[in-house]
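Take a moment to turn the model around on your screen and get a feel for it. Then read on, and look up each place as it is named.

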Amino acid sequence: WDPRREREIYQRLLTDNGEKFPEKALRSIFHEIITACRSAQKSVEVAFLGPEATFTHLAGVKFFGQTAEYKALESIDEVFREVQKGRVQYGIVPVENSTEGVISHTLDMFMASPLQICGEVMLRINHHLLGCAGPEAVQRVYSHQQSLAQCRGWLDRNLPQAERIAVGSNAEAARLAHHEHTSAAIAGEAAADIYRLDFLARNIEDEPRNTTRFLVVGRQEVPPSGEDKTSLLLAVPNRAGGLYQLLAPLAHHRISMSKIESRPSRRGMWDYVFFIDVEGHRTDAPVAKALAALPARCRWGSRRR
């Protein structure tokens, strides 16, 4: 898997194509061709937060294509564990939603895991109310807690009497709704097909641009592609100006920081670590110089891609 080479192929195709064929369709077709060729050389195994038809599964298909072998697991912990033990090459996990913010559990896993971030996927999330009976018969609504939160306003207006029950995944919610005629699920379109559910209402997410970011994790470092990010996990001493000193090398070398998030370190009360995303690959000269200046300014740290 060579991200830079793939990017060069797409750029050449788009240049040769001109405006003859829609860019989105061209990318989609050749994405499947490239991933199929990669699978022909060596099968690609991907662990994801299952079961089948979750948004994480769809994000995996978007990134790796239809020809990869997908392994559904019950928790984010298991995805990290399977990749770390070498049972699969890659894992894919949700990390942030544009409406509800970060998925804390994913960030926390990086504090104890040596895995690298190999890529990211942005997936537009459309939530649908699925069930076997009409909306007037719905007494319970199953979904993942994030999805329930992303549809809170719609549920308040349209199903205020229905009990809201959080489950492990949207696909699990669809499975339950299939067996309970007075229940409904909030899930994606694929779940409706697999679990034979009717669409009771479409696109019920409160934010029309609702998007989730997923991370691809693996054991190897990824070469530069020309459109890269580097993710940092850093702990700073609890002293005045500590965070300022930590960020100073990034500003000095004109590194654009696209995200910063703090999480409890679990090493002591009120002790925190910072997750930072910066633009550029770790081997790019400005990023490399900034990274070289960080060890003297933090208690511990690691780079993730």
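The chain in this predicted model has 11 helices and 15 strands. With 305 residues, a compact globule would have a radius of gyration near 19 Å, and the chain agrees with this at 21 Å. Its C-alpha trace spans about 60 × 55 × 40 Å along the principal axes.

How much of the chain is buried? Buried residues account for 48% of the 305 residues. The chain exposes about 15500 Å², and carbon and sulfur atoms supply 50% of that area. You can also ask which parts of the sequence touch. Among contacts between residues at least 6 apart in sequence, 75% join residues at least 24 apart.

**A covered helix**

Now find helix 3, which runs over residues 55-64. This helix is mostly covered, as 8 of its 10 residues are buried. The buried ones are Phe-55, Thr-56, His-57, Ala-59, Gly-60, Val-61, Phe-63 and Phe-64. Just after helix 3 comes Gly-65, with a positive phi of about 85°.

**A nonpolar patch on the surface**

For a contrast in scenery, look at Phe-21, Ile-29 and Ile-33. These three form a nonpolar patch on the surface, and together they have about 250 Å² of accessible area. Ile-29 belongs to helix 2, which covers residues 23-41. Is Ile-29 buried, partly exposed or exposed? Its relative accessible area is 40%, and partly exposed means between 20% and 50%, so Ile-29 is partly exposed. Ile-29 and Ile-33 are both members of the patch, and a general rule is handy when you look at them. An α-helix has 3.6 residues a turn, so residues three or four places apart point the same way.

**Two arginines with a positive phi**

Finally, visit two loops. Arg-196 has a positive phi although it is not a glycine, and Arg-254 likewise has a positive phi without being a glycine. Here are their values:

| Residue | Phi | Loop | Relative accessible area |
|---|---|---|---|
| Arg-196 | about 55° | between helix 9 (189-194) and strand 10 (198-201) | 61% |
| Arg-254 | about 55° | between helix 10 (242-252) and strand 13 (257-264) | 78% |

Why does Arg-196 count as exposed? Exposed means over 50% relative accessible area, and Arg-196 has 61%, so it counts as exposed. Arg-254 is exposed too, because its relative accessible area is 78%.

Terms used. Residues are numbered from 1 along each chain as its sequence is written. This is a predicted model: local features need pLDDT of at least 70, side-chain atom pairs count only at pLDDT 80 or more; totals for chains, interfaces and linings use all residues. Side-chain values use heavy atoms; hydrogens and water are left out. Patches are made of residues with over 30% relative accessible area and no salt bridge: like charges are joined within 9 Å, nonpolar side chains (Val, Leu, Ile, Met, Phe, Trp, Tyr) within 5 Å. Accessible areas come from the Shrake-Rupley method with a 1.4 Å probe; for residues, only the protein chains shown count as cover. A salt bridge is a side-chain nitrogen of Lys or Arg within 4 Å of a carboxyl oxygen of Asp or Glu. Helices (H or I, at least four residues) and strands (E, at least two) are DSSP runs, numbered from the N terminus. Buried means under 20% relative accessible area, exposed over 50%, partly exposed in between (1.4 Å probe, protein chains only). The radius of gyration is taken over C-alpha atoms; the globule rule is 2.2 Å times the number of residues to the power 0.38. Contact means heavy atoms within 4.5 Å.
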